[in-house]
Amino acid sequence: MPYRLTVIGTGYLGITHASCMADLGFDVLGLDIDADKVRRLNSGELPIHEPGLEPVLRRGLDSGRLRFTTSYEEAAAFGDVHFVCVGTPQKRGEYAADVSYMDSAIESLAPHLDRECLVVGKSTVPVGTAERLADLLARLAPAGVEVELAWNPEFLREGYAVEDTLKPDRIVIGVRSERAEKMLREVYQPLGDIPMVVTDFATSELVKTAANAFLATKISFINAMAEVCEAAHADVTQLSKALSYDDRIGGRFLNAGLGFGGGCLPKDIRAFMARAGELGADQALTFLREVDAINMRRRARMVDLARELAGGSFHGCTVGVLGAAFKPNSDDIRDSPALDVAVTIGAQGGQVTVYDPIALGNARKAHPELHYGESALEAVRGAHVVLLLTEWPEFVDLDPEELGKVVAARRIVDGRNALNTETWRSAGWHYRALGRP
Ligand code: UGA
């Protein structure tokens, strides 16, 4: 009999993991403490925007292999392997991660466990958390029940979550026993021949934070080069292209622009620094402070460029903002550079109208003080300055002539180096971009 799986926490990670595992043939029970979310999921409604996920969710529900509950008792009775996928956000006013949802999940599940099982942490956590949670689990699980913890970080990207889950480039597991390794190998066996790194708890936790720290560093590296390019009248897009031909460097995550945001990279590098500090290894990660600072400076630079184009002040100026999501193909606005810039310009007196193909609803809820348009054309109507802040394909394909007819002035800042400079300039636009002359 294949293992029965539970997935605790139904955010981007949990919904995707639960749906994909059901698609691979496992019986899966998803759990969330949000009853409304559970109801929506059980009726096949996706509470997030994730391309390609809804059909997988529905297939799971229709096959009878997937359903969702709010009951830990039911989850404990159901599962051989419990995946914990709850959020670990940044603590308010601190760099450190808030792992309290992780603790609550274990505290709620453990007392109900009355049969042999494996509890697997997937969330991104500060190194050392798995060891602490393993103790907590051992303390709270009823005596005599064979219950054990393993760690299995997740590397999926929003927008490509299904693909990344079904075709991961590696699987990393931190285990304390051969039994745990064997169980996880069996769970992932249907994925085929994926490179697997089997290691200890601490290393497996660190792989995840190190990977995100590296990606953030790569983006901030090219954005630092953009700053130098701006000072030296050089072009960072050509610089980046030339660097990318060196296989050792590679072109991915080397796009200069407004920098990184989202629910992972920014908070993960901060939590990593905080944890290194606790461990007495803070010096090793002081460079991440600079990575963070470079990233935040891009947002400030964007606001400065927009103000320059507006004639030195945003007062009396209408600004059309294209993009609210932290990246294309997502409705996620957590720490979105685009919204951050829009809000700052609004606070400095600009009349800002934002449009995003998918994230408009989330943006409206979070920032009711901004104006919103139902299309790109509506957002830029009457604008003195247009800002492209998230590189959705529909923005990249915009016709500068058509847009030019509705704006008050043909001025645009391309915050993602996504537009064709020549096309826009030859249509009479004053085109500026980050890191380019
Ligand atoms: C990131 C990692 O890429 C995943 O591997 C990881 O699993 C995930 O975090 C996580 O920890 O859960 P994600 O947050 O979905 O995934 O977004 P990315 O695709 O990494 O993009 C992050 C940000 O970097 C976006 O704001 C994007 O616009 C920006 N970016 C990316 C750049 O500014 N330049 C680039 O060249 C690439």
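Strands β5 and β6 (residues 147-151) run parallel and are joined by five bridges. Across this pairing, Val 120 stands opposite Ala 150 in β6. The connection between the two strands passes through helix α6 (residues 129-140), and the resulting β-α-β crossover is right-handed. The model described here is a predicted one.

Strand β5 also pairs with strand β4 (residues 81-84), again in the parallel sense, over four bridges. Within this pairing, Leu 118 of β5 is the bridge partner of Val 81. Together with helix α5 (residues 100-109), β4 and β5 make a right-handed β-α-β unit.

The surroundings of β5 (residues 117-121) follow from its burial: five of its five residues are buried, so the strand is largely enclosed by the rest of the structure. This holds for both faces, with Cys 117, Val 119 and Gly 121 buried on one side and Leu 118 and Val 120 buried on the other.

In soluble globular proteins, nonpolar side chains tend to be buried together. In this model, the largest nonpolar core comprises 52 residues, and Ile 345 and Leu 387 have the most contacts inside it. Setting aside residues up to four places away in sequence, Leu 387 touches Met 302, Ala 306, Val 319, Gly 320, Val 321, Leu 322, Val 341, Ile 345 and Val 413. Another core, of 41 residues, lies apart from the largest one; among its members are Leu 5, Val 28, Leu 57 and Leu 118. Leu 118 thus links the two parts of this description: the residue belongs to the core of 41 residues, and it is also the partner of Val 81 in the bridge between β4 and β5.

Terms used. Residues are numbered from 1 along each chain as its sequence is written. This is a predicted model: local features need pLDDT of at least 70, side-chain atom pairs count only at pLDDT 80 or more; totals for chains, interfaces and linings use all residues. Side-chain values use heavy atoms; hydrogens and water are left out. A nonpolar core is a set of buried Ala, Val, Leu, Ile, Met, Phe, Trp, Tyr and Cys residues joined through side-chain atoms within 4.5 Å. Buried means under 20% relative accessible area, exposed over 50%, partly exposed in between (1.4 Å probe, protein chains only). Contact means heavy atoms within 4.5 Å. Two strands pair if DSSP finds at least two bridges between them. A crossover is right-handed if, with the strands pointing away from the viewer, the path from the first strand over the helix to the second runs clockwise.
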